[in-house]
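Visitor: Could you take me through one part of this protein in detail? I would like to look closely at the place where its domains meet.

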Amino acid sequence: MERLKELTLISGSAHPQLARDIAIHLDKHLADAATDVFPDGECNIKVNEDIRGRDVFVIQPTCPPVNNNWVELLLLLDTLRRSSAGRITAVMPYFGYARKDRKDEGRVPISAKVVANTLVGAGADRVVTLDMHAPQIQGFFDVPVDHLYARPVLMQGVQNLGIQSPVVVTPDVGGTKMARAYAKRLHADLAIVDKRRMSGSETIVEHVIGEVAGRNCVLVDDMISTAGSITQAAAILRQTGAKSVVIAVTHAVLCGPAIERLAAAPVDRILATDSVPQDRANLPSNMEICSVAPLIAQAIRNIHLSESVSSLFE
Ligand code: R5P
């Protein structure tokens, strides 16, 4: 294969700050690309520099507005393919539609598969993503997928708090694998909140499995959407006698009542990454954003140089 020319970064409009931070860590500038919207709502894209033969990384989380960001990413990929880029990598710090990864009832789509099909169909040769809600979505792609973990970034944030003998807690059974990985590295015990989802916006919690009374709990999850799950989990931990509760979450999607719920939640600290853009002035005062820009920049560098990406997992 012809050697790929220069590493090139392009940002969509979803999260330009993260793209700028990644570029700083790679000592690169962002390619000159204009992404705006026609009066009727259609995306208008133009790449203003020659990217022929280059190793191009398009940075675009498909966070809300999910459909706009997804379509804009597809159009960017198509633009790059038609501009003869050498290799095109979609860098998706947050992968939207990942909760729909199987047909769990009749007459529903497998939305994550549609996302995968369209990304590759539009021109993605490779995908980089972070803590996908369902990591098995990698199998929906027939191109390489580098699935990064925010764990090293968030663990550093947790360790900075100097928590004594923590218990790592997952707010639902589905998060047990992720919580166990944190517990192993923090040399902590593990507990599970028994959550049942009644609808997209309603959940109920009834029990905690494991010892949390008198303990410092670290609640870990891949995402906060409406914050129902995590705040209910925090509340039951307190009711069960937890001494302190810290939340560590990868994707702070924060929709609907999320910010109000988090502000009112009985938690000491909330750590989240910048995989999704935040209006920091609106966040609860005890919420801290830990940047994944260095992690993603390192992954991009390693991919460009054909070096190991799994070395970044620890
Ligand atoms: C569930 O499986 C996920 O890990 C999150 O706990 C959930 O999607 C968060 O949603 P919400 O914040 O709306 O409760």
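Guide: Happy to; here is a walk from the whole chain down to the boundary between the domains. Please keep in mind that this is a predicted model.

Let us start with the overall frame. The protein contains eight helices and 14 strands. Its radius of gyration is 20 Å, close to the 20 Å that the globule rule gives for 314 residues, so the protein is as compact as a globular protein of that length. Along the principal axes, the C-alpha trace spans about 60 × 40 × 35 Å.

Now to the division itself. Domain 1 is made of two segments, 2-149 and 293-313, while domain 2 covers 151-290. If you place a point at the C-alpha centre of each domain, those points lie 28 Å apart.

That brings us to the part you asked about. On one side, 17 residues of domain 1 are in contact with domain 2, and on the other, 14 residues of domain 2 take part. Together, domain 1 and domain 2 bury about 1400 Å² between them, and carbon and sulfur atoms account for 59% of that area. The residues on the side of domain 1 that touches domain 2 divide into 13 nonpolar, two polar and two charged.

What about specific pairings across the boundary? The count of salt bridges between domain 1 and domain 2 is zero. Polar contacts do occur, though: seven residue pairs, with both partners at pLDDT 80 or more, are in polar contact across the interface of domain 1 and domain 2.

Technical notes. Residues numbered from 1 in each chain as written. Predicted model: local features only at pLDDT ≥ 70, side-chain atom pairs only at ≥ 80, totals over all residues. Heavy atoms only, no water. Domains from an automatic or database assignment. Contact = heavy atoms within 4.5 Å. Buried area = accessible area lost by both parts, 1.4 Å probe. Salt bridge = Lys/Arg side-chain N within 4 Å of Asp/Glu carboxyl O. Polar contact = N/O pair within 3.5 Å; in protein donor to acceptor, adjacent residues only side chain to side chain. Nonpolar A, V, L, I, M, F, W, Y, C, P; charged D, E, K, R; others polar. Helix = DSSP H or I, 4+ residues; strand = E, 2+ residues; numbered from the N terminus. Rg over C-alpha atoms; globule rule 2.2 N^0.38 Å.
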